[in-house]
Amino acid sequence: YNFSYAAGENANRFKLHFKSANGISDLSNSGISVYSNDHNVMISNTTSLAGEVWVYDMTGRELIHTNLNSQMTTSIPMQAAIGTYMVKVVTAKASVNHKVFIR
């Protein structure tokens with residue numbers, strides 16, 4: 001990084017701090033996947049954990065809030081217009097947010 005300074009200014013006025021990287025955990029290990037099929041939100045749950053599901057439209061308005069049982073696959077019927085929706089799934093071990101397109 002190059003910069004200029006006038007005589008009398010501190011040439012070491014900039015400090016860069018490097019810390020350990022923080023990121024989003026690998027969602028592929030969560031055991032939860034979300035997808036759409038026809039007018040349904042499908043949740044594949046290999047964790048056998050119960051939890052909760054929220055479905056939001058793209059403006060952030062909550063459309064559905066329901067419980068997730070420990071079944072392998074859960075289907076949530078959508079009585080909504082064609083479009084993109086956000087699905088949030090929370091269990092004791094993971095929280096997953098996923099975008100789905102409903103036809």
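Me: How many residues lie between β6 and β7 in the hairpin that they form?
Reply: This is a predicted model, in which local features need pLDDT of at least 70 and side-chain atom pairs count only at pLDDT 80 or more, while totals for chains, interfaces and linings use all residues. Residues are numbered from 1 along each chain as its sequence is written, and side-chain values use heavy atoms, with hydrogens and water left out. Strands are DSSP runs of E with at least two residues, and helices are runs of H or I with at least four, each numbered from the N terminus. Between β6 and β7 of the hairpin, the number of residues is three.

Me: Over how many bridges do β6 and β7 pair?
Reply: Two strands count as paired if DSSP finds at least two bridges between them. Within this pair, Tyr85 stands opposite Val100, and Gly83 faces Ile102 of β7. Strand β6 covers residues 83-91. Its antiparallel pairing with β7 extends over a number of bridges equal to eight.

Me: In what order do the four strands of the open sheet stand?
Reply: The pairing in this sheet is antiparallel. The edge strands are β4 (62-68) and β7 (95-102), each pairing on one side only. The twist from one strand to the next averages 20°, where angles run from 0 to 180 degrees between N-to-C directions of lines fitted to C-alpha atoms. The four strands stand in the order β4-β3-β6-β7.

Me: Which residue in the turn of the β3 and β4 hairpin has a positive phi?
Reply: Strand β3 (residues 51-56) runs antiparallel to β4, and six bridges join them. Val53 of this arrangement stands opposite Thr66 in β4. Five residues separate the two strands of the hairpin. The turn residue with a positive phi, about 95°, is Gly60.

Me: Which residue forms a salt bridge with Arg61?
Reply: A salt bridge requires a side-chain nitrogen of Lys or Arg within 4 Å of a carboxyl oxygen of Asp or Glu, and a search of the whole structure finds one. Arg61 is exposed at a relative accessible area of 53%, because exposed means over 50%, buried under 20% and partly exposed in between (1.4 Å probe, protein chains only). The other residue of the pair is buried, at 11% relative accessibility. With the closest N and O atoms 2.9 Å apart, the residue that forms the salt bridge with Arg61 is Asp57.

Me: Why is one side of each edge strand in the sheet of β1 and β5 left without a neighbour?
Reply: The open sheet of three strands has the order β1-β2-β5, with antiparallel pairing. One side of β1 (32-37) and one side of β5 (73-77) have no neighbour in the sheet because each of these edge strands has a single partner strand.

Me: Which residue in β2 stands opposite Tyr35?
Reply: Strand β2 (residues 40-45) pairs with β1 in the antiparallel sense over six bridges. In general, strands of a sheet pair through backbone hydrogen bonds, either parallel or antiparallel. Opposite Tyr35 in β2 stands Met42.

Me: Which residue has its backbone nitrogen reached by the side chain of Ser30?
Reply: Ser30 belongs to the segment before β1, and at 14% relative accessibility this serine counts as buried. Leaving aside neighbours within four places in sequence, Ser30 is in contact (heavy atoms within 4.5 Å) with Thr47, Ala94 and Val96. A polar contact is a pair of N or O atoms within 3.5 Å, where within protein one must be able to donate a hydrogen and the other to accept it, and residues adjacent in sequence count only if both atoms are side-chain atoms. At 3.3 Å, the side chain of Ser30 reaches the backbone nitrogen of Ile32.

Me: What is the positive phi of Ser48?
Reply: Most residues other than glycine have a negative phi, and most peptide bonds are trans. Asp38, which is not a glycine, has a positive phi of about 55°, and this aspartate lies in the loop between β1 and β2, exposed at 58% relative accessibility. Ser48 is placed in the loop between β2 and β3 and is exposed at 52%. Although Ser48 is not a glycine, its phi is positive, at about 60°.

Me: What percentage of the 103 residues of the protein count as buried?
Reply: The protein has zero helices and seven strands. Among contacts between residues at least 6 apart in sequence, 46% join residues at least 24 apart. Of the 103 residues, the share that counts as buried is 26%.
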